[in-house]
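Biologist: I have this complex open on my screen and would like a close look at a single part of it. Could you pick a glycine that sits in a loop, walk me through it, and then set it against the rest of the assembly?

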Amino acid sequence: MPLLIGVPAETIPGERRLSVMPDVVKKYQGLGAQVVIQSGSGQSAHLRDEMFADVQFASSGAEVCSTADVVLCVQPPSPELIAAMKPGSVLIGMLQPWSGAERAQQLMDKQITSFAMELLPRISRAQSMDVLSSQGAVAGYECALIAADHSPKFFPMLTYAAGTIRPAKVLVIGAGVAGLQAIATARRIGAMIEAYDVRPETREQIESLGAKFVDTGVTAAGTGGYARELTDEEKAKQAERLAKAVAQCDALITTAAIPGKRAPRIITADMVARMKPGAVIVDMAAESGGNVEGSVAGEKVWVGDVLVIGPTHIASRMPVHASEMYAKNLYNFLSPFIKDGALALDWEDEVMAGCCLTHAGELRHAGVKQVLGL
Amino acid sequence: MPLLIGVPAETIPGERRLSVMPDVVKKYQGLGAQVVIQSGSGQSAHLRDEMFADVQFASSGAEVCSTADVVLCVQPPSPELIAAMKPGSVLIGMLQPWSGAERAQQLMDKQITSFAMELLPRISRAQSMDVLSSQGAVAGYECALIAADHSPKFFPMLTYAAGTIRPAKVLVIGAGVAGLQAIATARRIGAMIEAYDVRPETREQIESLGAKFVDTGVTAAGTGGYARELTDEEKAKQAERLAKAVAQCDALITTAAIPGKRAPRIITADMVARMKPGAVIVDMAAESGGNVEGSVAGEKVWVGDVLVIGPTHIASRMPVHASEMYAKNLYNFLSPFIKDGALALDWEDEVMAGCCLTHAGELRHAGVKQVLGL
Amino acid sequence: MEGISALYIFMLAAFTGYEVISRVPVILHTPLMSGSNFVHGVVLVGAMVVLGHADPADPAQLAIGFVAVFLGAANAAGGYVVTERMLAMFKRDTKAGGAK
Amino acid sequence: MEGISALYIFMLAAFTGYEVISRVPVILHTPLMSGSNFVHGVVLVGAMVVLGHADPADPAQLAIGFVAVFLGAANAAGGYVVTERMLAMFKRDTKAGGAK
Amino acid sequence: MSGVIQLVYFAVAVVFILGLKAMSSPVTARKGIVWAGYAMIAATLVTFYTPGMQNYGLMITAIVLGGGVAWWSGRVVKMTDMPQMVAIYNGMGGGAAAAIAALEFARGGSHGAIATTLAVLGALIGSVAFSGSCIAFAKLQGIMTKAWRLPAQNMVNLGLAALAVVLGLVIVVVETPPSAIVIAFFIVALALGAILTSPIGGADMPVVISLLNAFTGLAVGLEGYVLGNPALIVAGIVVGASGTLLTQLMAKAMNRPIRNIIFTPITGEAAGGGEAIEGSMKELSALDAASVMRYAGKVIIVPGYGMAVAGAQHKVWEMAQLLEEGGVEVVFAIHPVAGRMPGHMNVLLAEAGVPYDKIFDLEEINADFPQADVALVIGANDVVNPVARTDKSSPIYGMPILNVDMAHNVIVVKRGQGAGYSGIENALFYKDNCRMLYGSAQQIIGEVITHVKALEV
Amino acid sequence: MSGVIQLVYFAVAVVFILGLKAMSSPVTARKGIVWAGYAMIAATLVTFYTPGMQNYGLMITAIVLGGGVAWWSGRVVKMTDMPQMVAIYNGMGGGAAAAIAALEFARGGSHGAIATTLAVLGALIGSVAFSGSCIAFAKLQGIMTKAWRLPAQNMVNLGLAALAVVLGLVIVVVETPPSAIVIAFFIVALALGAILTSPIGGADMPVVISLLNAFTGLAVGLEGYVLGNPALIVAGIVVGASGTLLTQLMAKAMNRPIRNIIFTPITGEAAGGGEAIEGSMKELSALDAASVMRYAGKVIIVPGYGMAVAGAQHKVWEMAQLLEEGGVEVVFAIHPVAGRMPGHMNVLLAEAGVPYDKIFDLEEINADFPQADVALVIGANDVVNPVARTDKSSPIYGMPILNVDMAHNVIVVKRGQGAGYSGIENALFYKDNCRMLYGSAQQIIGEVITHVKALEV
Ligand SMILES: NC(=O)c1ccc[n+]([C@@H]2O[C@H](COP(=O)([O-])OP(=O)(O)OC[C@H]3O[C@@H](n4cnc5c(N)ncnc54)[C@H](OP(=O)(O)O)[C@@H]3O)[C@@H](O)[C@H]2O)c1
Ligand SMILES: NC(=O)c1ccc[n+]([C@@H]2O[C@H](COP(=O)([O-])OP(=O)(O)OC[C@H]3O[C@@H](n4cnc5c(N)ncnc54)[C@H](OP(=O)(O)O)[C@@H]3O)[C@@H](O)[C@H]2O)c1
Ligand SMILES: NC(=O)c1ccc[n+]([C@@H]2O[C@H](COP(=O)([O-])OP(=O)(O)OC[C@H]3O[C@@H](n4cnc5c(N)ncnc54)[C@H](O)[C@@H]3O)[C@@H](O)[C@H]2O)c1
Ligand SMILES: NC(=O)c1ccc[n+]([C@@H]2O[C@H](COP(=O)([O-])OP(=O)(O)OC[C@H]3O[C@@H](n4cnc5c(N)ncnc54)[C@H](O)[C@@H]3O)[C@@H](O)[C@H]2O)c1
């Protein structure tokens, strides 16, 4: 019997992505696998069931999970769905490994082999599987649009019959994948961009997009492309230099996150208070604690005359392309291990091994184990 | 006693603009006029009372209107406010002349000299007073952002680690001031633009912004830069050629309006039905009847898998700069007639005379008179 | 001078003259014209030689010779001064502006 | 030939040679070298003249003269063929590519 | 001639060539004239040592007088009067060459047919250069204000030329020609030069002077042969050749085929070509535009709808950067209603990557135009039309405009005679300080770029 | 010599000059060689009519033999063997010049000191060119595989040169020098040429051949003086001068000062400069890059992070447009992870205005590289590193790369030896078909643009 790949509908409200796309399904089928999809699950990403060819449809997520050998998801499945999964089956998705002790326990109990895509080692070969990068790109683009859309001002310079409007100043904090994309997008629209990141190599990257680097003199290069947490002293110094840039900008986009940790609090209430009336803040890190004091995940709050937006499920604002990217990432991850329609995991493979969360009843990832205390 | 210019708060919900800005107030004062502002009226445009220097504050709109010699507004004031105005005083703003028989009657009855900025003759000298142009520019920019923000796809081309996303196709119908601005903005973000207008001279203008002109073979050049209405036959031909372009696009922005008339119905329900799933329509003309069948002013409706947005008060989405532009337009219109702090209207002036709606109990504008049947 | 040598010299001088200035910006047209005007002021040398060999007893010869030298000297001196003044404008700090 | 004329001819020929090729793209370096190699094949003319005037009775002279003409002719003929073949690549339809 | 003198002459010839080469690049031009100056002094000095020379007193007097007068007049003359000075000095060179031939004829002494032929040719050309230059001088100096033209101009020219040739032949053929013939020959030659030049209008004068300059060079070269002086040959012929090329280049830069200039009279509309051009649109070439801007201190670029139509924004910005690298200050001035929508120019300049701090609006920049060396108007029309300031009846009256006409030089890039949005004539284009650079903006600015680059060493 | 022959020679000289001029532009180059060819035939034919000539049989035999062999060998040889053919034909020209001098010496007949001095000089230079060219031929042809070097190379060279001068002086001074002296002189001269050339490595050969070519020209010019033939003088000296300039240009283009090439032996690291270079990075100049691309059929541009750092996107697109105007097909290939964020290159190319239909991603374009004449890599590194295909231990192993190494020519623009993001060496740079174009992308592409423009007529 060939490998059966299952795709349940996403259950978390606001999540509009899907973990497969019609052409990716075709590719799985090309490898000899079969696919079962929960009927209607693609609707939020503008995919109708009839777009998927030669696919089995299941009426519920539980039905998908109970039959599939490999379950693909975007967000972690609900406990009920995990409960429905076959023991020994495989679960792949953004499983939020750093914040789900109960979920991890359940996965171990059910002997499920789970791969959390967030844990993917950031080596060159794995870039085509890197969901953080692909979804970060979407998020950065969206955040720039959100900022432009909510700003009471034009982003670009505009000379009109009765005068000239100077371009808006946009400050981007954190120049990872998402931050760089936000810089590029806001600059395209016409704003003048300043950007800041603790990793010194980002200076060149920021400038390569035509933006200005805010030099605060604080450095926090970590390992593997991730940033390390800053000391209090460093934070103070950073804050002081940043405060000036913040006070001058018309829109502020923060994207600084540290995987597995609470997002650093970079913008204090005091800094927000000193911003121009009508300024807009988009805090991309709102979900993981927020880079901005006072930001609320999923809400737009007025702090004085400053609008603080804490968008959630940002990539879901662009479900078609976000799903396309995500589905291809998963395919690139999974496909090397499908041989003749059967699953053949290779535990020697550094990428696969690196993002394994649970296997055979064990929590495999040392870092997560430590954080979750399991 | 010097001329008193009054600024009541806007009363229509969703309207966030103001008809003066602090520096414009200063200029009026420089001409010897005094200004009275309804307290708190600038709040929606992020203006606090204390930003206006040497200004009288009134607690209500009625108070403003009952004392001012000249009342500046954005949208037409409510009947109550008009009622509060001094007989013989002057009212300037976007008075929606084509659709307000009662309002016009009230203005005549109160012997108010009213100027509807929409009626401004489009001659070179008057460009700096042209509120349709300035607010149209804001609207065009905003509509492009709305489309980008609501599209489930990237606008720009994007090559990422697992593939390439082709740029979105955006179709802009109507290449007046707003349409051109929408083209420019969407193109900046990275979309591929096609655009269409009945006036043949727009072809060059569209191409000058790097977009492609959709050639349908129908022409409707009117007088004074405005478009004329099309015959049914022409409409059919236009529709047929357009339908193809519509079916291919990812986002559609319609900006075709004919002043004083219902907006032409350019996009039929059938054309919408043939659009791609996930396509977005922004119908800027929704308020005046809609270029798109099924668009509802002020709402986002799903027509099949197509999102049809009928934004209203579009310029109010960017209240700071929209107000700045509007306030300067009004100033450029009014200031030539303020001599030594007194009002000296010059009925010889073609611009002033041209946009006068009512004066001395009469409806002065021939076109409006005919349309309203007064 | 042997005829054929002269022919070669003529030909090569023409090539040289042509090639040497083949790429000259418009702004230098006038100065360069003036400069080459100066260069043919070397006719002075020829004039000196003929005057030097004129018959001191023949006033006509002396007069023609005198005119020749006078004109040649004027060509050389005037050509130099004018060219030098034009080119002085090309010092980078002074604004040139009026090219034409 | 008069010495001073020769001097002038040398000088002007040098100028001409220098100026005539002062802007040559790298892709033409080799063909141009080859072309000028052909041009000095005109030495054949000189060789013919000396052989023509060699003493028919002196085999040494004849031998040297023969060698001179042989070499000169080879220079001219070979230089032409090679240059022509190189430059044939510059016909616009054929891909040049290998400029090195 | 002694060997040392010969060698000095040789060195002089070399330095002249190097000097001319140097003078054809703005960077080295000044060095070039100075070198040539030293060479000239050396040549003059060694000539005193020519064996068998006499008449030193007269010679020195002539040099001091001729040189002194020319030096002094060259020093005091106004910069704007330079062209006529070049003309007159050039004429003197031609005269000198003619006089040399005259003296050789007077001295008798056979040179052989070839030499005499060349002497006669040199005399003819030198004489034409002399009288022609005098006329050119008179015209430019304002002494001769009217273009003066004979009824059957071209017949007269032809007749005179034929006569000169016949007389010249007589001089060559007859062993010792009677002085009457010689004198007649010179008179005819001088008349020819004068009559050829008189009908030519002031605007074409620079080209004509350049041509006469080449003539003088040729005459000097020919007389050099007669005198057996290779330095004269080389200097003369080099000038003759380079002068001919230069004449062509100048004519091309002014868009006036040489033929048209010299034979305009034949077409019948001769008189005052120069005067007629006044008050009309004046064209300039891309090379000219490049030179003017490259040596300017400040350039203000005014983009308009035409730049948008041409999609020339990238090229324009590239040109601006090139100029800035050369030390020129370049800024952009955006008129409030340039283009066809608010912010039209902003969008395009942003697309090209022009930094915001180089972009100024009307209020910020209008006061700067009088300080600008060049205002470069690219496809803008209505927004720089001074009529808006002056003509109440104009549809654009009252619209504020960019005061480009106050810049020292105005260069307007457009494709042809097309009007702007408002459809009216533009008074700017007829102003004295305004030149038209015709072509689609994208392509013509590309050419300007090429020339700006060529102006770098 | 009769007048007609003289005039034909004169015309030949003129055509040679025009031919060389034509050959210095790609557009007219072919015409140039054809003209020169006709001129050569004309010169040869008229020479038969030189008064007082004998030995026609021998002469025609020599011409047919020499010309035939050379013609045939030139026709059949492979394109890649062209350089050595140029060398050998050039050597023959030098040999001919030397032989002319030898025959003049043999015939006795005094020419005067100057002429004899020049004859000796020509003989020396011609002999050096002859033997030097033979060595160059042997090396390039693979006959002489090892760079061959004497222990005290420079002392030997100096000694031989001094000896040649002394022997030459004897020939000049002594009325009829003994043939032993003459023979010794030639032997020493030939030896000098051989020994000077032997230590030079294969990579420097083109420059050396060019230098020897200039030598031959000079020798021919000098012998022309001896024979009183101005056509030889002019052709020889023109080639001598242009050859010298060309040698400088070539050396510059290869970044090898001439001094280093010829005197490398002195520094002690002589042998096989060429061989050592193999497998190392090879540089090329902007002019070279421009030529290669301008005459290519298809160019694929691969931008990387370096283009972003340099902000060179506008220049790159300008260059691409220029090439397209010249008929070259230009497309852009974007690697999935080029730059530092998804879509990094897209943003920049869009900013520069590159139309979307010219941009291809890895999957679309990888199959096209073998058909591309040039792959131009601009500041990309990891994404074109073939190691990713081959070396399992590499950190980038398994990443798909753009197969630029399969293009006919690869040109890599980067500033220096900087590694990419992954910090590893790039095997591409050492490939045979790869050349490095060093410089910051913005500036160096600007230079390429200038050269591409100069390549247009
Ligand atoms: N900004 C706005 O919101 C707005 C809106 C509507 C109307 N307007 C009006 O538009 C006008 C704008 O003025 P403007 O000075 O920008 O433009 P303009 O007055 O319309 O002049 C444009 C000029 O560009 C030239 N041109 C066209 N294509 C060209 C090309 N490819 N290359 C070079 N030149 C080209 C045309 O001359 P050739 O044909 O000879 O080349 C024309 O004279 C004003 O009258 C304004 O009132 C403005
Ligand atoms: N796309 C993504 O999302 C992403 C994200 C993170 C990391 N990465 C990684 O980034 C790398 C991208 O590869 P790549 O080929 O684009 O870049 P790269 O491998 O980083 O190489 C860039 C090259 O550009 C040269 N350079 C730098 N500045 C330059 C300048 N001003 N002018 C000319 N050259 C310059 C450098 O050499 P010199 O110093 O010698 O000039 C360097 O070798 C990949 O390894 C990828 O895995 C990509
Ligand atoms: N090896 C690969 O091929 C590969 C693949 C993907 C990403 N990466 C690298 O990893 C980097 C980070 O990726 P990410 O986007 O997932 O980053 P992230 O989401 O971990 O962090 C976002 C950014 O915020 C910054 N940041 C953290 N704390 C901050 C603080 N206190 N103040 C300011 N900035 C702070 C970080 O430096 C980082 O740039 C990327 O820029 C990229 O270079 C490498
Ligand atoms: N004289 C001036 O200086 C001046 C000032 C402002 C505007 N204008 C001109 O007036 C023009 C129109 O201005 P606007 O933006 O206020 O226009 P508008 O709001 O009246 O109309 C919007 C656009 O829709 C188009 N349109 C109408 N019916 C259509 C149909 N059935 N199908 C497709 N398109 C249709 C119109 O042609 C117009 O371009 C501008 O483009 C400008 O050129 C001139």
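**A loop glycine and its surroundings**

Modeller: Let's begin with what chain B stays away from: chain B and chain C make no contact, and their closest C-alpha atoms are 33 Å apart. Chain D is out of reach too, since it does not touch chain B and the nearest C-alpha atoms of the two lie 30 Å apart. Bear in mind that this is a predicted model.

Now for the glycine itself. Gly341(B) sits in the loop that links strand S16 (338-339) to strand S17 (342-343) of chain B. Is Gly341(B) buried or exposed? Its relative accessibility is 5%, and the cut-off for buried is under 20%, so Gly341(B) counts as buried.

What does Gly341(B) touch, once its neighbours within four places in sequence are set aside? The list is Pro2(B), Leu3(B), Leu31(B), Gly32(B) and Ala33(B). For a contrast, take Ser59(B): 282 residues separate Ser59(B) from Gly341(B) in sequence, and the C-alpha to C-alpha distance is 24 Å.

You can put a second buried residue beside that glycine, this time from a helix. Lys315(E) belongs to helix H14 (residues 313-325) of chain E. With a relative accessibility of 15%, Lys315(E) also falls under the 20% cut-off and so counts as buried. Leaving out residues up to four places away in sequence, Lys315(E) is in contact with Gln442(E), Ile445(E), Gly446(E) and Ile449(E) in chain E, and with Glu318(F) in chain F.

Stepping back to whole chains, start with chain A. Chain A holds 12 helices and 19 strands. Its radius of gyration is 22 Å, close to the 21 Å from the globule rule for 374 residues, so chain A is as compact as a globular protein of that length. If you lay the C-alpha trace of chain A along its principal axes, the spans are about 70 × 50 × 35 Å. Buried residues make up 61% of the 374 in chain A. Of the contacts in chain A with a separation of 6 or more, 64% are between residues 24 or more positions apart. On the outside, chain A exposes about 13,100 Å², and 51% of that comes from carbon and sulfur atoms. As for charge, chain A carries 34 positive and 40 negative side chains, with the centres of the two sets 6 Å apart.

Chain C is built from four helices and zero strands, running α-α-α-α from the N terminus on. Of its 100 residues, 69% count as buried. In chain C, 63% of the contacts between residues at least 6 apart in sequence join residues at least 24 apart. The accessible surface of chain C is about 2,900 Å², and carbon and sulfur atoms account for 63% of that area.

Last, have a look at where chain D meets chain F. The size of an interface is often given as the accessible area lost when the parts come together. Between chain D and chain F, about 8,200 Å² is buried, 78% of it from carbon and sulfur atoms. On the chain D side, Phe10(D), Met33(D) and Arg85(D) lose the most area to chain F, and together they give 9% of what that side buries. The contact involves 79 residues of chain D and 103 residues of chain F.

How values were computed. Residues numbered from 1 in each chain as written. Chains lettered and ligands numbered in written order. Predicted model: local features only at pLDDT ≥ 70, side-chain atom pairs only at ≥ 80, totals over all residues. Heavy atoms only, no water. Helix = DSSP H or I, 4+ residues; strand = E, 2+ residues; numbered from the N terminus. Rg over C-alpha atoms; globule rule 2.2 N^0.38 Å. Buried < 20%, exposed > 50% of the residue type's maximum accessible area, 1.4 Å probe, protein only. Contact = heavy atoms within 4.5 Å. Areas by Shrake-Rupley, 256 points an atom, 1.4 Å probe, with all protein chains shown as cover. Lys, Arg positive; Asp, Glu negative; His and termini not counted. Charge placed at Lys NZ, Arg CZ, Asp CG, Glu CD. Buried area = accessible area lost by both parts, 1.4 Å probe.
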